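Got your viewer open and a selection tool ready? Let's walk through this one stop at a time.

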Amino acid sequence: MNNGRLFGIIYHLLNTKKTTSTELSNLFEVSTRTIYRDLDVLSAFGIPICTEPGRNGGIYLLDNFILDKVLLSKKEQEHLLLALKGIESVTPEISEQSYSKLQSVFNLSFDNWLEVDFSPWYQERSNLQFELLKSGVLAKKQVEFDYISSKGQSEKRVCNPVKLVFKSQTWYLQAFCLNRNEFRFFKISRMSSLRMTDETFASMTVPKVSKPEMEGELLSLKLCFSKEILYRVFDEFKHDEIAIQPDGTAIVSTQMPDQKWLIRHLLSYGKHMKILSPDSLKCRMKQEIAEVLSNYAAAD
């Protein structure tokens, strides 16, 4: 008797509702005689499997059958509870209720060692946008919003929302943009005047979330950071790129894309960062600092 095949037959019946002995024998690569022996074993275990001969017959489970907890291993039960804890901040009421019920069913004492919180430390953020977008995804209703692009332009967008994606500390909406006639990602924090329309859309094949192509060449940088800013250095650079000096400063040798935001990002370290190389980046930094100073000179 193959326990894996027995569980496989049950899962297949739960997914397909009805099947045949021929289909099962092809699926598990055994004879139909073996399949019928497996069905007898499952029936002996109390699994309500029915077989009906004839043209419209087949093998199926009674409608009142529920997958019992014993069909999940202890490790699978723990993983299921862990997944519910992981999404608790997204669906707090549903997750907490399901977690409590399954914990009782599984009779597991699950230590509360995991907490996932997507909100910022220093400010409260409304969940209204997230909830509205989630409703749009589940109800398959179009959404409209004003969006600030990376070029600083505000544009009205109409989209079919298909997925909410959390990536690199930020929530995104993956949607089919009717303005561009293609799938796009939108940062939720850049949306305003968001509303869900009454227009519905059909199910769509969603492309996988892929790594975006890097724009611009990679620039080799050598940077020096003061010890006062080391916490950010270890947050934002690979540890094997960081060399701590005897005086407590850090030399970072890394590569970053040569894009417009690079100088603004390096400026965010303020007086605690110095560009050692390349010289071309030093010149750009000096120019940026001069333009910043000119804003204050004009104000005087």
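What follows is a short tour of some strands, their turns and a few salt bridges.

First, some ground rules. This is a predicted model, so to speak of a local feature here takes pLDDT of at least 70, side-chain atom pairs count only at pLDDT 80 or more, and totals for chains, interfaces and linings use all residues. Residues are numbered from 1 along each chain as its sequence is written, and side-chain values use heavy atoms, with hydrogens and water left out.

**Stop 1: strand S6**

Select residues 170-177, which make up strand S6. Strands here are DSSP runs of E with at least two residues, helices are runs of H or I with at least four, and both are numbered from the N terminus. Is S6 mostly covered or mostly open? Mostly covered: seven of its eight residues are buried. Buried means under 20% relative accessible area, exposed means over 50%, and partly exposed is anything in between, using a 1.4 Å probe and protein chains only.

**Stop 2: the neighbours of S6**

Now add residues 154-167, strand S5, which pairs with S6 in the antiparallel sense over eight bridges. Two strands count as paired if DSSP finds at least two bridges between them. To line the strands up by eye, pick Asn160 and look across to Phe176 in S6, which stands opposite. The hairpin joining S5 and S6 has two residues between the strands, and Ser168 there takes a positive phi near 50 degrees.

Next, bring in strand S7, residues 182-187. S6 and S7 are also antiparallel, over six bridges. Which residue in S7 is the bridge partner of Gln174? Click on Phe185. Four residues separate S6 and S7 in their hairpin, and Asn181 in that turn has a positive phi of about 60 degrees.

While you look at side chains, keep in mind that in a regular strand they alternate between the two faces of the sheet.

**Stop 3: strand S4**

Select residues 141-148 for strand S4 and residues 191-200 for strand S8. They pair in the antiparallel sense over five bridges, with Tyr147 partnered by Met191 in S8. S4 also pairs with S5, again antiparallel, over six bridges. Their hairpin has five residues between the strands, and Gly152 in it takes a positive phi near 85 degrees.

**Stop 4: a salt bridge across two strands**

Stay with S4 and S5 and show the side chains of Asp146 and Lys156, which stand opposite each other. They form a salt bridge, with the closest N and O atoms 3.2 Å apart. Asp146 sits in S4 and Lys156 in S5, so the pair ties together parts that are ten residues apart in sequence. Asp146 counts as buried at 18% relative accessibility, while Lys156 is partly exposed at 46%.

The rule for a salt bridge is a side-chain nitrogen of Lys or Arg within 4 Å of a carboxyl oxygen of Asp or Glu. By that rule the count comes to ten. For a linked set, select Glu155, Arg157 and Arg180, which are joined in a network of salt bridges.

**Stop 5: two helices**

Jump to helix H7, residues 230-236, where Glu236 and Arg232 lie four residues apart, about one turn of the helix. Their side chains meet in a salt bridge at 2.9 Å, N to O. Arg232 is buried at 15%, and Glu236 is partly exposed at 37%.

Finish on helix H9, residues 279-299, with Lys282 and Asp279 three residues apart. This salt bridge has its closest N and O atoms at 3.5 Å. Lys282 is partly exposed at 29%, whereas Asp279 is exposed at 53%.
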